[in-house]
Amino acid sequence: MWMEQQVEDGLMDKNIRLPVRNKFVPPPENDDDFDANPPFTDSDYKRITASYRRWIKKVEPNSYDTRLKKVIYWNFLINCSVGWRYMSEGLEAKWNWVKEITSTNQEVIKGKQVETLASKIRIIDRKRNKTRTGYFVHAHHIQDLWNFYKQCHKEDSNCFLPKQDDYMFINPANGKRITRSQVYDIFKEIILADCTDLSRDYTVRSCRSYMITTRLEQGGDGVAYDLHKYTGHDLRVLQRFYERMDLAKNSSRGTRIQYNTGDKDKKVVKLFG
C-alpha cells in the first residue's frame with residue numbers, strides 16, 4: 001500500500017527510487033523574503049553545485065536513476081538563472097514558454113564584451129494572475145537540458161522525448177513531471193547535508209534570491225525595474241535592497257549585462273525543428 005501510494009504521488013516508480021522519505025510539506029517562507037531565503041554566496045553556490053554532481057555520480061552513468069537526477073540538477077541550475085517562484089512557476093514551465101534562445105546577448109566584463117546565450121521566457125505569474133516575459137542569462141543550461149533529452153532518446157528509444165507543449169522538467173523514463181517533494185527533499189536532505197559549514201541557512205527559494213541579488217550586484221541603469229518586470233518581485237523592495245548594497249564593490253566588479261533584442265545579426269538557437 002505504501003509503495004502504491006508513493007508511485008501515485010510521483011515519488012517513485014518501478015524503475016526509480018529516489019531517497020525521498022516524506023510527502024511534500026511546503027516550507028513556510030515567502031518567495032520574495034531575502035531574509036528567510038538568503039541568496040547563495042558565490043563560494044557556497046560552488047559547493048552546492050559540486051555536491052549535486054557528486055550525488056549524480058553515485059550510480060551508473062546511463063541508468064534511469066542517474067538520468068532523473070540530472071534533470072533535478074538542471075532544475076536547480078536553471079532556477080538559479082531564471083528566478084522562478086518555486087511553488088508555481090518552475091515545475092509548471094513548459095518548453096513552449098521558451099520563446100527564444102539567442103547568442104546576441106553581450107555580457108560586459110571588465111570592459112570586454114563576451115557573447116553568451118540569453119533566453120526569452122514567458123512566465124505565468126499565478127501569484128499576481130498575470131503573464132510576464134523576461135530575458136535571462138545562462139540559457140546554455142536550457143539548451144543542455146533539451147540536448148540531454150534528445151541524447152537519452154537516442155540511446156534508449158523508451159526514454160521520453162518532450163514536445164513543445166510538454167513540461168521542461170520530466171522523468172526521462174516515463175515523461176512525468178518531477179515533483180516538488182523530489183526537488184525540495186533532495187536539496188534539503190542530501191545536498192545541504194553534504195555541504196557542512198555553509199555560511200547561511202539556505203532554502204530551495206534561495207535560488208530565486210540568488211538570481212535576483214546577482215543581477216542587482218551587476219548594476220546598470222534601471223536594473224531594479226527590469227527585475228521587477230521580469231520576475232514579478234516587488235519594485236520597492238528591490239530598490240531598497242539595491243540601495244543598501246555596496247555600490248563601490250559593484251563598480252569595481254565592472255560587470256553589466258546588455259540584451260541585444262534587435263534583429264540585426266541575431267543568432268537564434270532553435271530547439272524544435
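**Exercise 1. Where is Asp156 found, between which two helices?**

Solution. This is a predicted model, so you're working with computed coordinates here.

- Step 1: Look between H5 and H6; Asp156 is found in the loop there.
- Step 2: Check how covered Asp156 is. Its relative accessible area is 17%. Buried means under 20%, so Asp156 is buried.
- Step 3: Search for its partners. Leaving out residues up to four places away in sequence, Asp156 touches Tyr64 and Arg67.
- Step 4: Try a distance. Pro172 is 16 residues from Asp156 along the chain, and their C-alpha atoms are separated by 10.0 Å.

**Exercise 2. Work out how the protein chain is built overall.**

Solution. Start wide before you zoom in.

- Step 1: Count the elements. The chain has 10 helices and five strands.
- Step 2: Ask how much of the chain is covered up. Of its 273 residues, 51% are buried.
- Step 3: Look at contacts between residues at least 6 apart in sequence. Of these, 68% join residues at least 24 apart.
- Step 4: Turn to the outside. The accessible surface comes to about 14,000 Å², and carbon and sulfur atoms hold 47% of it.

**Exercise 3. Decide which parts of the model to read with care.**

Solution. Let pLDDT be your guide.

- Step 1: Take the average. The mean pLDDT of the chain is 76, with 71% of the residues at 70 or more.
- Step 2: Compare the elements. Helix H5 (residues 140-155) has the highest mean pLDDT, 93, while helix H1 (residues 2-8) has the lowest, 38.
- Step 3: Look at the stretch around H1. Residues 1-29 have a pLDDT below 50, yet this stretch has 59 contacts in the model beyond near neighbours in sequence.
- Step 4: Find another such stretch. Over residues 250-255 the pLDDT stays under 50, and the model has 15 contacts for them beyond four places in sequence.
- Step 5: Draw the lesson. Where pLDDT is low, don't read the predicted coordinates in detail.

**Exercise 4. Compare two residues of one loop: is Cys195 buried or exposed, and is Asp197 buried or exposed?**

Solution. Take them one at a time.

- Step 1: Place them. Cys195 is in the loop between H6 and helix H7 (206-218), and Asp197 is found in the loop between H6 and H7 too.
- Step 2: Cys195 has 7% relative accessibility, so it counts as buried.
- Step 3: Asp197 has a relative accessible area of 72%. Exposed means over 50%, so Asp197 is exposed.
- Step 4: See what Cys195 touches. Not counting residues up to four places away in sequence, its contacts are Arg47, Ile48 and Ser51.
- Step 5: Pick Ser51 from that list. Ser51 is 144 residues from Cys195 along the chain, but their C-alpha atoms are separated by just 7.0 Å.
- Step 6: Check the backbone of Asp197. Most residues other than glycine have a negative phi. Asp197 isn't a glycine, but its phi is positive, about 60 degrees.

**Exercise 5. Which residues line the second largest cavity?**

Solution. A probe the size of a water molecule, rolled over the atoms, shows where empty space is left.

- Step 1: Search the whole structure. Three cavities of 30 Å³ or more turn up.
- Step 2: Pick the second largest, which holds about 50 Å³ of space.
- Step 3: List the lining: Tyr52, Asn75, Phe76, Asn79, Val183, Phe187, Val204 and Cys207.
- Step 4: Trace where they come from. Helix H3 (64-82) and helix H6 (180-194) each supply at least two, and H3 gives the largest share, three residues.
- Step 5: Sort by class. You get six nonpolar residues, two polar ones and no charged ones.

**Exercise 6. Compare two residues that sit in helices, Lys70 and Tyr210.**

Solution. Use the steps you already know.

- Step 1: Place them. Lys70 lies in helix H3, and Tyr210 lies in helix H7.
- Step 2: Check the cover. Lys70 has a relative accessible area of 27% and is partly exposed, whereas Tyr210, at 11%, is buried.
- Step 3: Measure from Lys70 in the model. Ile56 is 14 residues away in sequence and 6.6 Å away in space, C-alpha to C-alpha.
- Step 4: Do likewise for Tyr210. Val82 is 128 residues away along the chain, with 9.9 Å between the C-alpha atoms.
- Step 5: Finish with contacts. Beyond residues up to four places away in sequence, Tyr210 touches Pro39, Phe40, Asp42, Tyr45 and Cys80.

Methods: Residues numbered from 1 in each chain as written. Predicted model: local features only at pLDDT ≥ 70, side-chain atom pairs only at ≥ 80, totals over all residues. Heavy atoms only, no water. Helix = DSSP H or I, 4+ residues; strand = E, 2+ residues; numbered from the N terminus. Buried < 20%, exposed > 50% of the residue type's maximum accessible area, 1.4 Å probe, protein only. Contact = heavy atoms within 4.5 Å. Areas by Shrake-Rupley, 256 points an atom, 1.4 Å probe, with all protein chains shown as cover. 1 Å grid on protein atoms, 1.4 Å probe; cavity = no way out; pocket = protein on both sides within 12 Å on 5 of 7 lines; lining within 4 Å. Points joined across faces, edges and corners; volume = space filled by probe spheres on them. Nonpolar A, V, L, I, M, F, W, Y, C, P; charged D, E, K, R; others polar. pLDDT = per-residue confidence, 0-100.
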